[in-house]
There are 2 protein chains.
Amino acid sequence: MSSNDLDTARDRIIEAAGEIFAERGFEATTVRDICQAAAANIAAVNYYFGDKQRLFVETVLTAHRWRMDQAALPNWTADTPPRKKLADFIATFIRRVRTGPKDTWQNRLIMREMMRPDAACAEVVRDSIRPQFEILLGILRALLPEDTSAESLHLTAFSIVGQCLFYHFADPVVRHLVDDIEYAEFSIDKLACHIANFSLAALEYTARHVDAETAT
Amino acid sequence: MSSNDLDTARDRIIEAAGEIFAERGFEATTVRDICQAAAANIAAVNYYFGDKQRLFVETVLTAHRWRMDQAALPNWTADTPPRKKLADFIATFIRRVRTGPKDTWQNRLIMREMMRPDAACAEVVRDSIRPQFEILLGILRALLPEDTSAESLHLTAFSIVGQCLFYHFADPVVRHLVDDIEYAEFSIDKLACHIANFSLAALEYTARHVDAETAT
DNA sequence: TATTGATTGAAACAGTTGTTTGAAACAGAT
DNA sequence: ATCTGTTTCAAACAACTGTTTCAATCAATA
């Protein structure tokens, strides 16, 4: 999003809408606030996007495209070991997801919308989340026995992304649970390293003890 | 919450408000919908609570008190193995957290408000979340080597609760990623079983290979 | 310059929001 | 029955919402 792109009213509206949507959510955001922040007329939203809902969808999709370009997966060769692929995936994923003071409205908006089951969510899942999900499943297939069921594969994938997403969704809670010094030490690299270790350990263990049972 | 408590309009309003607030959030909820669901007059909200905002605060506090009364963790004896404790903890945690038709609005409301750092829910973290967190840390201390650092302990705990919280926060995405048949199979027991297996495997592996390193 | 099409502007629209009003209905005590 | 304080009700309030309208403005082309 170079500064040149902001000279048209349409782009200014998306930029302003993204920040306000990310901060207050869809319902609490008014088109008047958006247009005022974008230095555009009230009618501009309906002129360019039809209605508020479609502006919202367009904003979410724009945010997602932007986010995908920011932190891309490294280029893997044919002989890249799956363990390395998984570590790369986790590091990239947590880099995309982690919020902070320097966080962009694109990230906050996507995260907020993951919990809102509506049209925008469905499109984002189809266009952007599912491809990433399939990449992860491919990595896990190489790390787990061949007869692993699709369901187990999915649950394992959810366990991995769940660990990453936690540091976004529960960030206010994390901030209260550990002291400030330790919180400051939670760098992206450290979190990614821990999650990769934790998950790889679980995978290597279960890969040997197929059909592990819960302690009872 | 016996049916006797719903006699007064005030209690009916809190009950209805809790369900709608938990589902749609504060902004998207109208006092008209609340009063209609509570079979009360429009003026009742302002009569009993002053305004919509104070009704909301009262509802969150009520949900918090209700959740505190739910003694969900089973009674452990001195010789209950830590593995069993961890499995119990995970099952209880995911049962509290999981969103679904059978879930209570009290849980969903607390979960929703957990991500508002500015709200007065910092005390909810202090009164309700931290004690649970300390319980989990105690279990993990028994499962990990004694020289495990506090930071590693915390990261491990976050990995576990992160897996559980995922199914709450990312539920709409999960619904789109797997087909309906598989989604219907994601019972609370199955999810809890998987997360316990995954986490115990990771713990048992790292307990042997202290200071595991990321594959590079 | 005149014309065309795209964009902007201020005002108004119809509907909904949270809130208030004042009278009616109620219950219990004198 | 009368008085008291509490609770309910329908109606209306003022403010705000997303959206529409239509004239004004602008840029480029013939």
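Reader: How many residues does each chain bring to the contact between chain B and chain A?

Author: In this predicted model, chain B gives 58 residues and chain A gives 61 residues. Each is counted because contact means heavy atoms within 4.5 Å.

Reader: What area do chain B and chain A bury between them?

Author: About 5,200 Å², with 72% of it on carbon and sulfur atoms. Of the area that chain B buries against chain A, 13% comes from B:F158, B:L177 and B:F198, more than any other three residues supply.

Reader: Why is the meeting of A:E151 and B:K190 called a salt bridge?

Author: The side chains of A:E151 and B:K190 are 3.1 Å apart, N to O. The rule asks for a side-chain nitrogen of Lys or Arg within 4 Å of a carboxyl oxygen of Asp or Glu, so the pair A:E151 and B:K190 qualifies. Across the interface of chain B and chain A the rule finds 2 salt bridges.

Reader: Which classes of residue make up the side of chain B that touches chain A?

Author: That side of chain B has 35 nonpolar, 12 polar and 11 charged residues.

Reader: What makes B:Y48 a polar contact of DNA strand D?

Author: An N or O atom in the side chain of B:Y48 is 2.7 Å from a phosphate oxygen of DNA strand D. The limit for a pair of N or O atoms is 3.5 Å, so B:Y48 meets it. The side chain of B:Y47 also has an N or O atom 3.0 Å from a phosphate oxygen of the strand.

Reader: Which element gives the most to the surface near DNA strand D?

Author: α3(B), with 3 residues.

Note on methods: Residues are numbered from 1 along each chain as its sequence is written. Chains are lettered from A and ligands numbered from 1 in the order in which they are written. This is a predicted model: local features need pLDDT of at least 70, side-chain atom pairs count only at pLDDT 80 or more; totals for chains, interfaces and linings use all residues. Side-chain values use heavy atoms; hydrogens and water are left out. Buried area is the accessible area (1.4 Å probe) that two parts lose on being put together, summed over both. Ala, Val, Leu, Ile, Met, Phe, Trp, Tyr, Cys and Pro count as nonpolar, Asp, Glu, Lys and Arg as charged, and the others, Gly among them, as polar. A polar contact is a pair of N or O atoms within 3.5 Å; within protein, one must be able to donate a hydrogen and the other to accept it, and residues adjacent in sequence count only if both atoms are side-chain atoms. Helices (H or I, at least four residues) and strands (E, at least two) are DSSP runs, numbered from the N terminus.
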